[in-house]
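Colleague: I am new to this structure and would love a guided tour. Could you choose one small part, look at it closely, and then show me some other places in the chain?

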Amino acid sequence: MDYDNFVTRYVAVWNEPDPAARRAMIRELWAGDCVQYTESAEYHGLEEMEERVASAYDRLVRDGGYVFVSAGDVTGHHDALRFTCHMLPAGGGDIAWRGAIFLTLGADGLIMTDHQFGDPPPPSAKAVVEAFLAAPGPEPFAAEVDWRVDWPVQDHPSVPWIRPRSTRADVADHFAAFAEHCAEGEVTIHRILADGQDVVATGTSSQLVKSTGRRFTMDFALHVTVQGGEITRYHVYEDSLAVLEAFQDGAGPRLAGAR
């Protein structure tokens, strides 16, 4: 069975504006003696399912301005499947509702039982970034991370934490190295701007390098992408030359091509 296609058709029912098309779609998915269970109600048979879907569409999609989408995590075996459905603002924004869906199918491939479990939505991207900035560390990062700083790898051998990263373990090493080499730090956030999953923060960082006793102070911009409550992109734009010079015993020459 093509589970991805099945879930696509299931989710499309809840977004369908035309009553006749919606009725036909329901009959192509649910069995005549189907039952849907939510935390607070039960719906038996096709007529009750039609009323249930029509009510949800009118209240949430037509009047509420939301759209239902699949999270793309379907899995199934032995005539049963599970997946996650998100309800999002149609114009873009944070997840307003997240439902875990568990279906059992009959021999004809139609839905016999439909269990919906409403889960708390993940925190907004802005909330994740605000919490991270208040207590920086590897915890909110995804297993795989798109990590970038704005200094060429070959030009920063003196700065131990500036190097390519791609995993949560790499991120943990970054923060451990930073704490090992810097002290008496202060970070001031000037502004945080959020657009869906993307968040940009601007600020100033002032840190004392332990090995040289020199301090660097620089402005920075941070671009973070949050998906499913985890940070998947972390791009920093900063004055890396100021950091490099603070690691040198003297002022040191400005590197060719340095920004």
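Modeller: Happy to! Let us begin with His78, which sits in the loop between strand E4 (75–77) and strand E5 (80–89). Please keep in mind that this is a predicted model. His78 is not a glycine, and yet its phi is positive, at about 50°. Its relative accessible area is 74%; the cut-off for exposed is over 50%, so His78 counts as exposed.

There is another residue to set beside it. Glu184 also has a positive phi without being a glycine, with a value near 55°. Its setting is strand E9 (residues 182–195). Glu184 has 59% relative accessibility and therefore counts as exposed.

Now for a residue in another loop. Thr38 lies between strand E1 (30–37) and strand E2 (42–44). Its relative accessibility is 19%, and buried means under 20%, so Thr38 falls on the buried side of the cut-off. When neighbours within four places in sequence are left aside, Thr38 is in contact with Tyr43, Arg52 and Gln116.

Arg52 and Gln116 turn up again in our next stop, because they are among the residues that Trp14 touches. Trp14 belongs to helix H1. With a relative accessible area of 6%, Trp14 is buried. Not counting residues up to four places away in sequence, Trp14 touches Trp30, Gln36, Arg52, Val53, Ala56, Tyr57, Val61, Phe68 and Gln116. You can also look from Trp14 to Asp58: these two are 44 residues apart along the chain, while their C-alpha atoms are separated by 9.8 Å.

From here we can step back to the helices themselves. Two packed helices are described by the angle between their axes and the distance between the axes. Let us take the pairs in turn.

The axes of H1 and H3 come within 8 Å and cross at roughly 65°. On the H1 side, Val13, Trp14 and Asn15 make the contact, and on the H3 side Arg52, Val53, Ala56, Tyr57 and Val61 do. By type, the residues of this contact are 6 nonpolar, 1 polar and 1 charged.

Helix H1 (residues 3–15) also meets H2: their axes come within 10 Å and cross at roughly 145°. This crossing is left-handed. Here Phe6, Arg9, Tyr10, Ala12 and Val13 of H1 face Arg22, Met25, Ile26, Glu28 and Leu29 of H2. Sorted by type, the contact of H1 with H2 has 7 nonpolar, no polar and 3 charged residues.

The remaining pair on this stop is helix H2 (residues 19–29) with helix H3 (residues 45–62), which pack at an angle of about 130° with their axes 10 Å apart. H2 and H3 are therefore oblique to each other. The crossing in which H2 passes H3 is right-handed. In this contact, Arg22, Arg23, Ile26 and Arg27 of H2 meet Leu46, Met49, Glu50, Val53, Ala54 and Tyr57 of H3. The tally for H2 with H3 is 6 nonpolar, no polar and 4 charged.

Let us move along the chain to helix H4 (residues 125–134), where Ala125, Val128, Val129 and Phe132 are buried. These residues are on the same side of H4, because they cover an arc of only 95° around its axis. What does that buried side pack against? The partners are strand E8 (141–149), helix H5 (168–181), strand E10 (198–209), strand E11 (215–227) and strand E12 (230–238). Turn the model around, and the face of H4 directed away from its buried side carries Ala131 and Ala134, which are exposed.

One of those partners of H4 is helix H5, and we can finish there. Glu180 is found in H5. Glu180 counts as exposed, with 53% relative accessibility. Try locating Val209 as well: Glu180 and Val209 are 29 residues apart in sequence, while from C-alpha to C-alpha they are 9.4 Å apart in space.

Notes:
Residues numbered from 1 in each chain as written. Predicted model: local features only at pLDDT ≥ 70, side-chain atom pairs only at ≥ 80, totals over all residues. Heavy atoms only, no water. Buried < 20%, exposed > 50% of the residue type's maximum accessible area, 1.4 Å probe, protein only. Helix = DSSP H or I, 4+ residues; strand = E, 2+ residues; numbered from the N terminus. Arc of directions from axis to C-beta. Contact = heavy atoms within 4.5 Å. Axes fitted to C-alpha atoms, helices over the stretch in contact; angles between N-to-C directions. Parallel < 35°, antiparallel > 145°, perpendicular 65-115°, else oblique. Left-handed = near helix turned anticlockwise from the far one by under 90°. Nonpolar A, V, L, I, M, F, W, Y, C, P; charged D, E, K, R; others polar.
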